[in-house]
Amino acid sequence: MATKASSPNILEYDPARCDALSEVLAERWWVVGLRGIFGIAFGLICLLVPAAAILALVLLFSAYMLVDGVLGIYSGIKAARNGDRWGLLILEGVVDIAAGLIAFIWPAITAVAFVLIIAIWALISGALMLVAAFRLNIDHGRWWLALGGIASIIFGVVLIIAPVVGAVVLTWWLGAYALVFGVLLLVLAFQLHSKREETRRKPATAAKKA
């Protein structure tokens, strides 16, 4: 009697899938780097202009989420076109766009509601990044992606614990988070670029030896 195949574990290490996903990310390293640059720029603006009105912060956050979401979906589509289904990256992009649209449609929401929206987004985004990290090879920057997810989750938890925070303090927190998140993605992008160049050099080296 045939036994029913067990459903695949999302955290199970599959060398073939990890290699495929790692190659896709290495080829699209500049997308990861661009997300990191946007994060750093957004963080610096928040830290250097803490007295900005909460409305400006909401609109700035909305624009950042929309751009980051589009880039995330773009990376997911490219991964799918390369023969691998990477729904986690597309799902993260959809979550980012949803958060950006909510902030844009209701710019006059209270500070507490805004804090909770950011907290929920950070928790979901961080969890998705942690799951995606298990599908990335270690030498392609798995731990940098995992650290980005952990930073996102910690940020979300802190906001939930202290939702009644002033607009200036929220700006500092959001800026610090975006800065750390952007730096981690930028480091990941450089590591992916390094692996991409290393992979491209191998055939040339082998041809010279032959």
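A salt bridge is taken here as a side-chain nitrogen of Lys or Arg within 4 Å of a carboxyl oxygen of Asp or Glu. In the predicted model described here, arginine 35 meets this criterion with glutamate 92, the closest N and O atoms being 3.0 Å apart. Because arginine 35 lies in helix α2 and glutamate 92 in helix α4, the pair ties together parts that are 57 residues apart in sequence. The structure holds two salt bridges. In the other, the side chains of arginine 35 and aspartate 68 meet at 2.8 Å, N to O. Aspartate 68 lies in helix α3 and arginine 35 in helix α2, so this pair ties together parts that are 33 residues apart in sequence. Arg35, Asp68 and Glu92 are thereby linked in a network of salt bridges.

The charged residues of this network were also examined for accessibility. Buried means under 20% relative accessible area. Arginine 35 counts as buried because its relative accessibility is 8%. Aspartate 68, at 4% relative accessibility, counts as buried, and glutamate 92 counts as buried at 6%. Side chains of opposite charge can pair when their charged atoms come close.

Glutamate 92 is also one of the residues touched by serine 125. Serine 125 is found in helix α5 and is buried, with a relative accessible area of 2%. Apart from residues up to four places away in sequence, serine 125 touches Glu92, Asp96 and Ser152.

With regard to overall architecture, the protein chain has seven helices and zero strands, and its pattern along the sequence reads α-α-α-α-α-α-α. Of the 210 residues of the chain, 40% count as buried. Among the contacts with a separation of 6 or more, 82% are accounted for by residues 24 or more positions apart. The chain exposes about 11,100 Å², and carbon and sulfur atoms supply 74% of this area.

The largest nonpolar core has 37 residues, and those with the most contacts inside it are Phe61, Ile118 and Trp121. At least two residues of this core are supplied by each of α2 (29–48), α3 (54–81), α4 (87–105), α5 (111–133), α6 (142–161) and α7 (167–209). Helix α5 provides the largest share of the core, 11 residues. When residues up to four places away in sequence are not counted, phenylalanine 61 touches Phe42, Ala99, Ala103, Phe114, Ile118, Trp121 and Leu174. Ile118 and Trp121 thus appear both among the residues touched by phenylalanine 61 and among those with the most contacts inside the core.

Aromatic side chains were considered next. The structure holds three aromatic pairs. Tryptophan 121 and tyrosine 177 form one that is edge-to-face, with 5.7 Å centre to centre and 85° between the planes. Tryptophan 121 lies in helix α5 and tyrosine 177 in helix α7, so the pair ties together parts that are 56 residues apart in sequence. Both tryptophan 121 and tyrosine 177 are buried. One aromatic cluster is formed by Trp121, Phe155, Tyr177 and Phe181.

On the surface, a nonpolar patch of about 690 Å² is made by Leu55, Leu59, Leu101, Ile102, Phe104, Ile105 and Trp106. Helices α3 and α4 each supply at least two residues of the patch, and the largest share, four residues, comes from α4. Leucine 101, one of the residues that make the patch, lies in helix α4. With a relative accessible area of 40%, leucine 101 is partly exposed.

A further position of interest for the fold is threonine 199, which has its place in helix α7. At 48% relative accessibility, threonine 199 counts as partly exposed. Threonine 199 and glutamate 23 are 176 residues apart in sequence, while their C-alpha atoms are 9.3 Å apart in space.

Note on methods:
Residues are numbered from 1 along each chain as its sequence is written. This is a predicted model: local features need pLDDT of at least 70, side-chain atom pairs count only at pLDDT 80 or more; totals for chains, interfaces and linings use all residues. Side-chain values use heavy atoms; hydrogens and water are left out. A nonpolar core is a set of buried Ala, Val, Leu, Ile, Met, Phe, Trp, Tyr and Cys residues joined through side-chain atoms within 4.5 Å. Buried means under 20% relative accessible area, exposed over 50%, partly exposed in between (1.4 Å probe, protein chains only). Contact means heavy atoms within 4.5 Å. Rings of Phe, Tyr and Trp (its six-membered ring) pair if their centres lie within 6.5 Å; planes under 30 degrees apart count as stacked, over 60 as edge-to-face and the rest as tilted. Patches are made of residues with over 30% relative accessible area and no salt bridge: like charges are joined within 9 Å, nonpolar side chains (Val, Leu, Ile, Met, Phe, Trp, Tyr) within 5 Å. Accessible areas come from the Shrake-Rupley method with a 1.4 Å probe; for residues, only the protein chains shown count as cover.
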